[in-house]
Amino acid sequence: MSAAATRRLTTAQALVRFLAAQYTERDGVRHRLIAGTWGIFGHGNVAGLGQALVEYRESMPYHQGRNEQAMVHAAVGHARHLNRLSAQAVTTSIGPGATNLVTGAALATINRLPVLLLPGDYFASHAADPLLQQLEHPVEADVSVNDALRPVSRYFDRITRPEALLTSALNAVRVLSDPAETGAVTLALPQDVQAQAYDWPEEFFADRVWRVRRPAPDPAELAEAVRAIRAAARPLIVAGGGVHHSEAEPALQALVDATGIPVASTQAGKGALRHDHPADLGGIGHTGTAVSDALARAADLVIGVGTRYSDFTTASGTLFQHPGVRFLNLNITAFDAHKLAAATLVCDARSGLAALTDALAGHRVDAAYETEYRTGRARWEEAVEGAFRADDDSAVPTQTQVLGAIDTVVGDEDVVINAAGSLPGDLHKLWRARSPRQYHLEYGYSCMGYEIPAALGVQQAAPDTPVWALVGDGTYLMNPTEIVTAVQENLPVKLVLVQNHGYASIGGLSESVGAERFGTDYRHRVADGSFTGAPLPVDLAANAASLGMDVLRAKTVRELREALSTARAATRPTCVYVETAPPGTALPAEAWWDVPVAEVSAREAATQARAAYERAVADRRRHL
């Protein structure tokens, strides 16, 4: 009997070959699981994975990043746009390159999005100990800085021997492709092990297909859910990101068309229904619409679909105020389905929604309820028109008028990306999502600096789609470096850079909690130590141009519309720079958000804020 066929490769070479042969499949459609690898090389990965990526560059595309955190954001944007069916890998050196991954990993795991992290690590043999950038722990010699990635990873392993990769690589891909378990996956790779050779079984490199399950609801849970919906007089669906990940938008619309149950959406779920569907109420919670939040307060049954119920969605436990309100949660993850003491449907979103539609045949909400929410959404649409409208085209635009100008330019296929600051609130309230993947908000981690690199990942996933990154000055200063990568790879992303001279969102929050906007402006320091002087002479548009973007400056509403039209047609990275006029946001929050205020203070602003806080927190409920 002949020995099984083997191939002698280094650990890094074997890993790259293995990853290039992994696929996902759902509904009969196959996707490459690891579509490419982002990397910044240094000691710890240049001689291992760096050499392997050169050797197999035809089968594993490589993308050169400028910042390790940004590379993870790009990979996450790519995975989200492709409904988690395809992901990207990220490789870094040891030391600061590896620890820079932590923020991106947390973002991926919190948002339930797959990314494979491949940081270099110290010598497994301890042959060179301590080496450059090594953190020495006096009583735990096996600890490295990569252990900081453990709490933010869904799967973690350190590959201390080549043959350990045989098991660990399969486990890593299992988690990446699992819709209930996915998130950041970390394989820490000691630099000596990366370069070691091993006789790998040929079966390790065979094409492997990971089928993404669509589990159906349990019959007993389904029956209970149907009874709850039939008994409810004022049901409300809260659509989360799971609707998109499951590609369940048509199934949701079918349920809504059949039953008349209205839909409000989280930041991740917006676009689950097209904005002009008569049952779409827009965003819910602290940044939600007036009609959504009014219906949420009076709902007797809240049906969560693919949502994890963050505090922004629940208004920190103050939103759902009906005395007998109950919850029904449809989620592929049992952990999320059981939140708020809900009845559960632990299943795929599309499968569960289709089963509910069939089981609810003939059931429809009362006509008066439909009239109520349709009237409310019509009033809200008038508010949107007022916020977007600019009566004077020669005036400096407000931030909401900037969004109105973008609204007039984009097509159904365009993607609009944002993450943190004051823009998410305005977008959640006002944006008219025309397609399931148009509205791309990262609000699980609300990470400043996400937008530009995520736009690169989305552009790679959808090369012919106009991709817009909406960025305030604060976010831009956090992470503009991937502009260089966009130029290098000729990715025609469109950057809308909004200059409002500071942290607008946190400035407003600071004022509301008695902190008096301290430290939130980008201005000169004055004699009393505050930052209330003239704006700093900083030209962010010139900075974007210096990094290789084409830059269009717009001073008025008319110039803004013209610049946006030019940018949409551009075939290379283009920035539209606009300085906005106050107010930073035109519409107030429709629901509370819990940010504890100083219980005692000598300053009147804080004392007044504490009194308002105590009035608001009294409305909090524990849903048991």
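**Why is it called that?**

Tutor: This is a predicted model, and by the distance rule its count of disulfides comes to 0.

Student: What makes a pair of cysteines a disulfide in the first place?

Tutor: The sulfur atoms of the two cysteines have to lie within 2.5 Å. The count under that rule is 0.

Student: Okay, next one. Why is C347 called buried?

Tutor: Buried means under 20% relative accessible area. C347 has 1% relative accessibility, so C347 counts as buried.

Student: And what makes C575 buried?

Tutor: Go by the cut-off of under 20% again. C575 comes out at 0%, so C575 is buried too.

Student: How do you know that strand 2 is largely enclosed?

Tutor: Look at residues 22-26. Of the 5 residues in strand 2, 4 are buried, so the rest of the structure largely encloses this strand.

Student: Why do we say that strand 2 pairs with strand 11?

Tutor: Pairing takes at least two bridges. Strand 2 and strand 11 (residues 208-211) run parallel and have 4 bridges joining them, so by the at-least-two rule they pair. As an example, E25 stands opposite R211.

Student: What makes strand 3 a partner of strand 2?

Tutor: Here, 4 bridges link strand 2 to strand 3 (residues 29-32), in the antiparallel sense. One bridge partner to look for is R32 in strand 3, across from Y23. The hairpin they form has 2 residues between the strands, and D27 in it takes a positive phi near 55°.

Student: Let's move to the open sheet. What makes strand 14 and strand 17 its edges?

Tutor: The sheet has 6 strands in the order 14-13-12-15-16-17, with parallel pairing. Strand 14 (280-283) and strand 17 (343-346) each have a single partner strand, so one side of each has no neighbour in the sheet. Neighbouring strands here are turned by 20° against each other on average, direction ignored.

Student: How do you know that strand 12 and strand 15 pair?

Tutor: The requirement is at least two bridges, and strand 12 (residues 235-239) has 5 with strand 15 (residues 301-305), in the parallel sense. Among the partners, P235 is matched with L301 in strand 15.

Student: What makes a space a cavity rather than a pocket?

Tutor: In a cavity, a 1.4 Å probe fits but cannot get out. The search finds 4 cavities of 30 Å³ or more, and the largest has a volume of about 540 Å³. Of the 39 residues lining the largest cavity, the closest to its centre are G241, G242, A268, G306 and R308.

Conventions
Residues numbered from 1 in each chain as written. Predicted model: local features only at pLDDT ≥ 70, side-chain atom pairs only at ≥ 80, totals over all residues. Heavy atoms only, no water. Buried < 20%, exposed > 50% of the residue type's maximum accessible area, 1.4 Å probe, protein only. Axes fitted to C-alpha atoms, helices over the stretch in contact; angles between N-to-C directions. 1 Å grid on protein atoms, 1.4 Å probe; cavity = no way out; pocket = protein on both sides within 12 Å on 5 of 7 lines; lining within 4 Å. Points joined across faces, edges and corners; volume = space filled by probe spheres on them.
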